[in-house]
Each structure stands twice: as C-alpha cells, then as structure tokens.
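Me: I've just opened this one and I'm new to it. Can you walk me through what's there?

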Amino acid sequence: MIILIGDSGQVTLPCGDLLGCMGENILRTHKVMHPKFGSAYYTMKFVYGDGSYEEAYVTDGVLVMTEQLLHSVGRVSMQFQATLVENTDVSIFKSEIFSARIGESLSAAPEES
C-alpha cells in the first residue's frame, strides 16, 4: 500500500486500502510519502472500531505493520502526524483522518473427519 500525504494534509491511497490481515507480524510495510519538516519525527495513529488506539513510527517513509497494529478485522481510522520540537515550541502537522482496512486471516485447514 502507498499512502500519499499532500502539503495541505489531504490523503490518497492509490494502490488500495488493505493494511494487512489480522495477526500478521512485520510481514507488510507501507510506503508513506509525506511533507518533510526538518528534524521532526513522524507517526501514524490508528483508531479501531472498539475505540482503542495504537500509534506507530513512520521511519524513512516506511510504516511497518506489526501484530499489535493488526489486532482486529474491519475498518480503521488513521491520521499521520509530524512533530517538531524546537526549544520549548512544539509544532504538529496532521493529515486529514482517513480509513483503511484490516482483513481476516486464513485459518488453519479444517480437520478431516
């Protein structure tokens, strides 16, 4: 998946919206193309249907999907953030909130009877 974030925060998913399948662990990485802000650090926030949330770092334009991020099947609300701390000033750039999905995992083959 590719996540394109424009200078004004708009988000485009040109290659689909599948983040991964429930339970996968570090099998998928996603390219995040975003505005750069000097020595800022970049994160992606995930909000799940049950109200829980997770946050992951975007490092060198890559978001690594861990099992912790893929813990429930369904739609996930997401938002990219850039945080820059200079002296006592904190600047934050946020993208619009967008949606992606987590698919079901394939279960083990059924037992033969």
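**A first look around**

Reply: Sure. Going along the sequence, the protein chain reads β-β-β-β-β-β-β-β-β-β. Keep in mind that this is a predicted model.

Me: How many helices and strands does that come to?

Reply: Zero helices and ten strands in the protein chain.

Me: Ok, and what box do the C-alpha atoms fill?

Reply: Roughly 65 × 30 × 25 Å, taken along the principal axes.

Me: What share of the residues is buried?

Reply: 38% of the 113 residues in the protein chain count as buried. As for the outside, the chain exposes about 7,000 Å², and 51% of that comes from carbon and sulfur atoms.

Me: What about charges?

Reply: There are 7 positive and 14 negative charges in the protein chain, and their mean positions lie 6 Å apart.

Me: Let's go inside. Which residues of the largest nonpolar core touch the most other members?

Reply: Ile3, Leu19, Met44, Phe46, Leu63, Met78 and Phe80, out of 26 residues in that core. At least two core residues come from each of β1 (2–5), β5 (41–47), β6 (53–59), β7 (62–65), β8 and β10 (98–103).

Me: Which strand gives the largest share?

Reply: β8, with five residues of this core. As a general background point, nonpolar side chains tend to be buried together in soluble globular proteins.

Me: Pick one of those core residues. What does Leu63 touch?

Reply: Skipping residues up to four places away in sequence, Leu63 touches Ile3, Arg28, Thr29, His30, Val32, Met44, Phe46, Ala56, Tyr57, Val58 and Met78. Val58 is also its bridge partner, with Leu63 sitting in β7.

Me: So how do β6 and β7 run, parallel or antiparallel?

Reply: Antiparallel, joined by two bridges. They make a hairpin with two residues between the strands, and Asp60 there has a positive phi near 55°.

Me: Is Asp60 buried or exposed?

Reply: Exposed, because its relative accessible area is 73%, and the cut-off for exposed is over 50%. Asp60 is in the loop between β6 and β7, and its positive phi occurs in a residue other than glycine.

Me: Where else does a residue that is not a glycine have a positive phi?

Reply: Ile26 is one of them, with phi at about 60°. Ile26 sits in the loop between β3 and β4 (28–33). Ile26 also counts as exposed, since its relative accessible area is 53%.

Me: Back to β6. Which residues are on its covered face?

Reply: Glu54, Ala56 and Val58 are on the covered face, while Tyr53, Glu55, Tyr57 and Thr59 make up the uncovered one. That fits a general pattern: side chains in a regular strand alternate between the two faces of the sheet.

Me: What joins β5 to β6?

Reply: Six bridges, with the two strands running antiparallel. Phe46 stands opposite Glu54 of β6, and Tyr42 has Val58 in β6 as its bridge partner. The two strands form a hairpin with five residues between them, and Gly51 in the turn has a positive phi of about 90°.

Me: And how many bridges link β5 and β8?

Reply: Seven, again in the antiparallel sense. One pair to look for is Tyr41 with Thr83 in β8.

Me: What's Gln81 doing over there?

Reply: Gln81 is placed in strand β8 (residues 74–86). Gln81 is buried, because its relative accessible area is 15%, and buried means under 20%. Apart from neighbours within four places in sequence, Gln81 contacts Tyr41, Tyr42, Thr43, Glu55, Phe93 and Lys94.

Me: Switching again: where is Gly20?

Reply: In strand β3 (residues 18–21). Gly20 counts as buried, because its relative accessibility is 0%.

Me: What's in contact with Gly20?

Reply: Leaving out neighbours within four places in sequence, Gly20 is in contact with Arg28, Leu70, Arg101, Ile102 and Gly103. For scale, Gly20 and Phe80 are 18 Å apart in space, C-alpha to C-alpha, with 60 residues of separation in sequence.

Me: Last one: what percentage of contacts joins residues at least 24 apart?

Reply: 61%, counting contacts in the protein chain between residues at least 6 apart in sequence.

Notes:
Residues numbered from 1 in each chain as written. Predicted model: local features only at pLDDT ≥ 70, side-chain atom pairs only at ≥ 80, totals over all residues. Heavy atoms only, no water. Helix = DSSP H or I, 4+ residues; strand = E, 2+ residues; numbered from the N terminus. Buried < 20%, exposed > 50% of the residue type's maximum accessible area, 1.4 Å probe, protein only. Contact = heavy atoms within 4.5 Å. Areas by Shrake-Rupley, 256 points an atom, 1.4 Å probe, with all protein chains shown as cover. Lys, Arg positive; Asp, Glu negative; His and termini not counted. Charge placed at Lys NZ, Arg CZ, Asp CG, Glu CD. Core = buried A, V, L, I, M, F, W, Y, C linked by side-chain atoms within 4.5 Å. Pairing = 2+ DSSP bridges.
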